[in-house]
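Reader: I would like a close look at one part of this model, the large chain-B sheet and what surrounds it. Please set out the strand order, the pairing and the packing, then place that part among the rest.

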Amino acid sequence: MEEKISHIPVLRFGEAYRSLDTNDLGNVLRSGVRLEVSVANAGIIRRDKLSIEKGRSALRAIPADTLLDYAEKAAELYLDGELPFGMDGETQSVGDYVAALSELTGLPHSLCRSNMFKVAAALQNIRAVLTGLTRGLPPELFDKGCARLGDIDMNFYPIADSLGVTLPSNSPGVNSLWLPALVMKTPVFLKPGREDPLTPYRIIQAMIAAGFPKEAFGFYPTTHEGGDAILLSCGRGIVFGSDATVKKYSGYSNIQVHGSGRSKVLIGDDMAEDWESHLDVMVESVSANGGRSCINASSVMVPSHFDEISNAMAKKMAAIEPRARAEEDALICGFANADFAKAMDEAIDDALKTPGAVDLTAKYRNGPRLVEKYGQTFLCPTLIACSDPDHPLANTEYMFPFVSVVERPQSEMLAAIGSTLVVSAVTESEEWMSDLMASPDIDRLNLGSVPTNWVQWEQPHEGNLFEFLYRRRAIQSKTRRIA
Amino acid sequence: MDSTNAVDAAKEDLDRYTREMVQWHFSSETGSPYWLDWAKEAGWNPAEEVKAFEDLMRFENFDDEVLRDTDPARFIPAAFGDRPYNIFETGGTTGMPKQRIGWEDYKVDYSEFSDYYTDDFFPKGENWLMVGPTGPRRLRLAIEHLANRRGGACYFIDLDPRWVKRLIRDGEYDMARKYKEHVAEQAITIMKGRKIGCMFTTPTILESLAERISIPGAGIKGVFVGGTTMTPQYVRFLTEEVLEGKVNFAPTYGNTLMGLAISRPLTAEDNYSLTYYAPQPRAILRIVNPKDSTQGVEYDEYGRVELSTMTKEFFMPRFLERDEAIRRQPCERFPWDGVGDVRPFESTTKKVIEGVY
């Protein structure tokens with residue numbers, strides 16, 4: 001008898017297309033049925049892009065305020081809905097989604113759910129998100145192209161006919177980034193990460209069920225060449241990847257590249273004495289979401305109390321142990337690719353041969369860093385105390401709770417951080433805050449005792465999507481009021 | 001004749017033809033200096049000892065570096081005397097190119113190719129456009145011969161694969177894209193300004209053209225492609241979308257050393273998986289065990305592609321191509337083994353520069 005297979009298709013303007021090229025994702029579904037995913041050839045993407053007007057006009061036909069309502073409704077459907085899945089009228093419950101997502105990504109169920117709530121919250125809070133991005137302009141801006149703020153007329157026009165995003169697999173929450181594009185009436189072309197086609201597919205299904213026109217969505221599991229086709233043919237592109245990815249696309253002004261976050265917690269002179277009050281913030285910054293996000297801290301800089309802080313953090317981190325994926329208190333992730341985990345483990349040990357750094361967690365941990373347990377391969381939380389602030393591990397990021405602690409005078413910290421996605425600066429010094437706000441190396445700045453992974457909906461994350469998709473032009477009239 | 005008899009008859013023909021060709025290249029009256037010297041050193045006499053195709057297994061795999069290092073004149077069979085000859089170079093190599101000599105082989109190959117297709121597949125009398133590697137390549141003369149044989153003339157747009165490979169090697173992706181656009185734009189100018197009915201190009205350029213104009217809308221009735229890997233999905237995409245299901249499509253597998261292998265017409269059961277048949281007996285494709293190329297693989301299994309070319313002009317036994325493919329059963333029209341779903345050798349484990357031109 002022929003084996004039953006669930007198949008995730010390509011979505012071309014929302015229409016399912018079953019490719020003859022497929023990726024086998026294995027027996028990851030709760031039903032025990034094998035899951036495979038269509039792989040789009042690059043030409044299909046370039047060809048669809050020629051018809052992008054279909055997606056744009058479908059979105060243009062709906063008032064932005066209605067799209068915002070749809071987004072809020074989509075949040076509920078994404079969280080609780082029985083949504084279309086596969087080719088043969090199959091559906092997916094949220095339980096099915098979480099279980100399969102955990103199997104594919106190695107995230108425990110608890111973290112799958114927290115990521116899911118993050119995505120849902122981005123939809124639920126879409127009005128606040130949009131207000132933050134547009135600095136308070138009304139949503140009608142996207143219907144009329146202009147709006148009035150105080151006494152000033154403002155005209156914004158779209159500079160991108162579509163947004164192409166090549167997504168990573170490490171953390172499903174990253175999908176919250178592209179959601180506002182749809183209410184800004186910009187169709188999306190998405191390339192899901194190899195291990196997580198489920199999240200963008202489910203979000204798209206929720207958004208379509210809530211009322212968004214299906215023509216606004218392209219979903220293309222594809223090759224590297226296909227990823228390039230998405231980024232290079234869409235008006236604007238966002239790509240996640242390594243430092244090599246950053247280098248590859250650095251010459252393209254229409255592509256926003258998200259490389260390693262290298263996020264950091266900086267403890268100010270004024271707070272160092274009171275470090276114990278901020279211990280939980282430091283540990284959470286490192287280990288929330290299994291350490292998978294680019295907004296997790298990979299380095300903590302302290303001006304003093306190096307030994308006390310390092311040891312206290314190491315002790316807390318070492319207490320976080322691998323659990324079975326379905327356990328509620330599971331906080332760290334298995335690796336879908338065990339060889340990848342082994343390579344990271346070896347790379348860390350190799351780097352530790354260079355004097356000036358020590359794995360402090362090793363003395364508090366029960367056993368080695370690399371653990372095979374519950375049918376998965378884990379890397380246990382690791383803290384590297386760097387007595388040499390320029391040690392190779394002092395500014396390195398890995399996809400698990402991994403952090404270096406470095407001692408530097410506060411006055412030298414900003415010169416040393418390098419390009420950093422999130423800085424949580426634990427300080428109340430107005431003078432230092434001014435310096436921090438002037439730093440060109442920080443993408444998002446948290447001031448005070450705030451973990452790096454904290455999200456405030458009104459603040460843009462990883463660049464302002466509105467400014468990426470729209471440009472303001474001067475507009476004036478002697479005879480009429482414009483907006 | 002039933003199919004078993006046809007396969008047996010083709011094998012007998014091949015054995016007889018192999019004897020003739022080996023005797024031709026290894027006899028002092030007709031053979032070439034290169035192979036005659038080779039036989040002196042080898043310590044056996046192929047002219048006497050090769051009785052059947054299987055006996056070619058006594059040759060090592062042909063090292064194509066020889067085609068770089070050796071003066072091509074050393075491959076001239078004595079029987080050709082002082083007849084002027086063509087020198088052809090292989091596609092994308094850099095440094096000293098690999099060269100082969102030839103006189104009429106390309107005409108034989110492309111006449112046979114032409115005769116395979118019906119008058120309306122590539123309509124007789126229509127003009128052709130070739131968008132692909134011209135320069136020192138056999139393909140340039142071959143396509144013109146094909147067009148002429150079918151009663152048309154041929155326009156050319158050159159594409160230099162060596163430049164494309166260099167751009168990619170140097171990470172100049174943007175320049176590579178601009179070069180592709182430059183080639184496509186020139187082709188479209190000709191398609192709009194002249195009456196063209198048939199084309200030869202690479203799949204990638206074909207795609208690029210179709211992103212700018214409708215291929216059937218431009219009056220193209222038949223397209224002949226070769227050059228890169230075509231997965232079943234890619235073939236489907238080209239057929240259904242790029243050619244809009246309205247243009248006759250002839251994918252081929254070939255190169256300067258082989259000539260060209262024709263793909264059998266696709267049926268619903270093929271599900272867009274291509275099978276090519278070499279122009280046997282002039283060229284023979286075997287799908288072999290990569291660890292021991294004297295051994296073939298079973299039908300429907302992947303192995304490395306091995307090419308033997310045997311004409312009076314050129315002899316090249318057991319050259320291992322940089323490709324792998326599935327060994328497929330003979331068919332009625334071609335009663336010898338076919339090669340299916342060709343892709344770069346070990347492409348599932350190694351990164352290969354391919355498919356850009």
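Author: Here is the sheet, followed by the rest.

This is a predicted model: local features need pLDDT of at least 70, side-chain atom pairs count only at pLDDT 80 or more, and totals for chains, interfaces and linings use all residues. Residues are numbered from 1 along each chain as its sequence is written, while chains are lettered from A and ligands numbered from 1 in the order in which they are written.

Start with the sheet in chain B. It is open and has 12 strands. Their order is S4-S3-S5-S6-S7-S8-S9-S14-S13-S12-S10-S11 (chain B), and the pairing is mixed. Strands here are DSSP runs of E, at least two residues, and helices are runs of H or I, at least four residues, all numbered from the N terminus. Two strands pair if DSSP finds at least two bridges between them. At the edges are S4 (154–158) and S11 (292–296) of chain B, each paired on one side only. On average, neighbouring strands of this sheet are turned by 40° against each other, direction ignored.

One pair shows the detail. Strand S7 (residues 248–255) and strand S8 (residues 259–263) of chain B are antiparallel, with four bridges. Asn255(B) has Gly259(B) in S8(B) as its bridge partner. Helix H9 (residues 203–210) of chain B packs on the sheet. H9 touches strands S3 (128–132), S5 (198–201) and S6 (222–225) of chain B. Its direction makes about 140° with that of S6(B). Axes are lines fitted to C-alpha atoms, for helices over the stretch in contact, and angles run from 0 to 180 degrees between N-to-C directions.

Next, the chain contact. Here 12 residues of chain B meet 10 residues of chain A. Contact means C-beta atoms, placed from the backbone, within 7 Å. Helix H10 (residues 232–242) of chain B gives the largest share of the chain B side, six residues. That side has four nonpolar, three polar and five charged residues. Nonpolar covers Ala, Val, Leu, Ile, Met, Phe, Trp, Tyr, Cys and Pro; charged covers Asp, Glu, Lys and Arg; the others, Gly among them, are polar.

Chain A has its own open sheet. Three strands run in the order S1-S5-S4 (chain A), with mixed pairing. S1 (5–8) and S4 (22–26) of chain A are the edge strands. Neighbouring strands are turned by 25° on average, direction ignored. S1(A) and strand S5 (residues 34–38) of chain A run parallel, joined by four bridges. Ile8(A) stands opposite Val37(A) in S5(A).

Chain A also divides into domain 1 (5–259 + 463–467) and domain 2 (263–447). Those bounds come from an automatic or database domain assignment. The C-alpha centres of the two domains lie 30 Å apart. Their contact takes 15 residues from domain 1 and 17 residues from domain 2.

Last, a helix pair in chain A. The axes of H13 (residues 279–287) and H14 (residues 306–318) of chain A come within 10 Å and cross at roughly 50°. H13(A) and H14(A) are therefore oblique to each other; angles under 35 degrees count as roughly parallel, over 145 as roughly antiparallel, 65 to 115 as roughly perpendicular and the rest as oblique. Among the residues in contact are Leu279(A) and Met282(A) of H13(A), with Ala312(A) and Met313(A) of H14(A). By class, this contact has seven nonpolar, one polar and one charged residues.

How values were computed. Contact = placed C-beta atoms within 7 Å.
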